[in-house]
Structure formats: C-alpha cells, structure tokens
Amino acid sequence: FSLPEHRRAASLVMSSLELLAWALLILVLLRALVSLEQIYSLLRPDAPSPPPLSGVPRVLLRKAALTLKGAVYLVLSRDKVSSSALRRTIDPAELEPSRVTREVRLIFVRHGESVWNLVFNRGFGPSFLWRLLSTLLHELLLVPVDDSAFLDSPLSPLGLQQCGQLATFLAQPCVEGEVAARGW
C-alpha cells in the first residue's frame, strides 16, 4: 500500500463504521420510542392510544412546523410594546367622569401557570437547568403522541391549583367589601 491508498482504505472502513453506528443509533432510538409508548400507555390508560411508529414522523414534522412558525412569529411580530409607548398612555384620573347609569363588574382572567411559565418565567438561577431538563425529558416521553409540554403548553401543578382557587372565588357572590376581606 502506498500512503494515499492506505488513507483511502482507512477512510472507507471509517465511513462503514460510521454508517453502522448511525444504523445502530436509529435502532436504539426506535426501541426507546417503543418503550416510551408502553410507558405512556401505563401512565395514561384512559388516554387515546398513541399513533403507530409509522405516524411518529408526521407528529415530529407537525411539532417542528409549529415550533418554526412560533419562532418566526416571535421574531417578526409587532405585538411588542415599548416602555416609551407605555409612558404615552392616558392616565384614567385625567379623563372626565361621565354620568354612570349602571355598574357592571367585569372579571378578567388569564390562564394559570403553564409548564412553559414554570420553566422559563421563574428565573434562570440554579433550578432553571433542572426545570428545563425535566421538561425536556417529559417532552421526549410525548414524542410519539400528538401532545407537547412546550407547544400549547398545559397547566403546571401550580396552574391547576390556581384554577381551583379561581373556581372557588367565582362560586362565591361578589359583594362589595367581601372581596377585599377574602384577600382577592
């Protein structure tokens, strides 16, 4: 063997080994997906069965498309409000009071804490890495199913608790003074 032929032979052997390694990795990932599907059915027996493995690429493409669409919207969106725009808003105290003929109480409700809020809105201190990794592992569990911890993020345990508290609050009559006494 001359030196270039030896390198070519070594390169061919290496590319064969790389191809074998990739094939082995794909088989391991498929086996992991099958295991995750079995775990999912044990954890949620009442849930609809996940799609077959042949449907996983469709689910992954859908999730990738939603992620891409969200990223493009985030970058190109004009929904951002600057601090200078907030300073230009009208102070309600400066408005002329109009004659009130009827009072209506409106209660605006925003969703409770979501998994996304749990991961990204509690700061980036030491617990951030743990929150992110545990949610990514949960997302891995959801790969074969058409569900996600990040896309259309579900409520966190605290968010579910907040919904229960809201239901309790809304079930009580709104009487002036009692709302402040209840701490709402």
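E139 is buried, its relative accessible area being 14%. In this predicted model, the residue lies in helix α5, which spans residues 126-141. The side chain of E139 forms a salt bridge with that of K63, at an N to O distance of 3.8 Å; the pair therefore meets the criterion, which asks for a side-chain nitrogen of Lys or Arg within 4 Å of a carboxyl oxygen of Asp or Glu. K63 belongs to helix α2, and the two partners are 76 residues apart, so that the contact links distant parts of the chain. K63 is likewise classed as buried, because its relative accessible area of 8% falls under the 20% limit.

By the same rule, the count of salt bridges comes to two. The other contact joins the side chains of E113 and R122, with 3.0 Å from N to O. Here the partners fall into separate accessibility classes: E113 counts as buried at 12% relative accessibility, whereas R122, with a relative accessible area of 44%, is partly exposed. The value for R122 lies between the limits of 20% and 50% that bound the partly exposed class.

Helix α2, which contributes K63 to the first contact, covers residues 56-76 and also contains L68. In contrast to the buried K63, L68 is exposed, because its relative accessibility is 57% and the exposed class begins over 50%. L68 takes part in a nonpolar surface patch together with V72, L74, V75 and L76. The accessible area of these residues together is about 550 Å².

Methods:
Residues numbered from 1 in each chain as written. Predicted model: local features only at pLDDT ≥ 70, side-chain atom pairs only at ≥ 80, totals over all residues. Heavy atoms only, no water. Patch = residues over 30% accessible without salt bridge, like charges linked within 9 Å, V, L, I, M, F, W, Y side chains within 5 Å. Areas by Shrake-Rupley, 256 points an atom, 1.4 Å probe, with all protein chains shown as cover. Helix = DSSP H or I, 4+ residues; strand = E, 2+ residues; numbered from the N terminus. Buried < 20%, exposed > 50% of the residue type's maximum accessible area, 1.4 Å probe, protein only.
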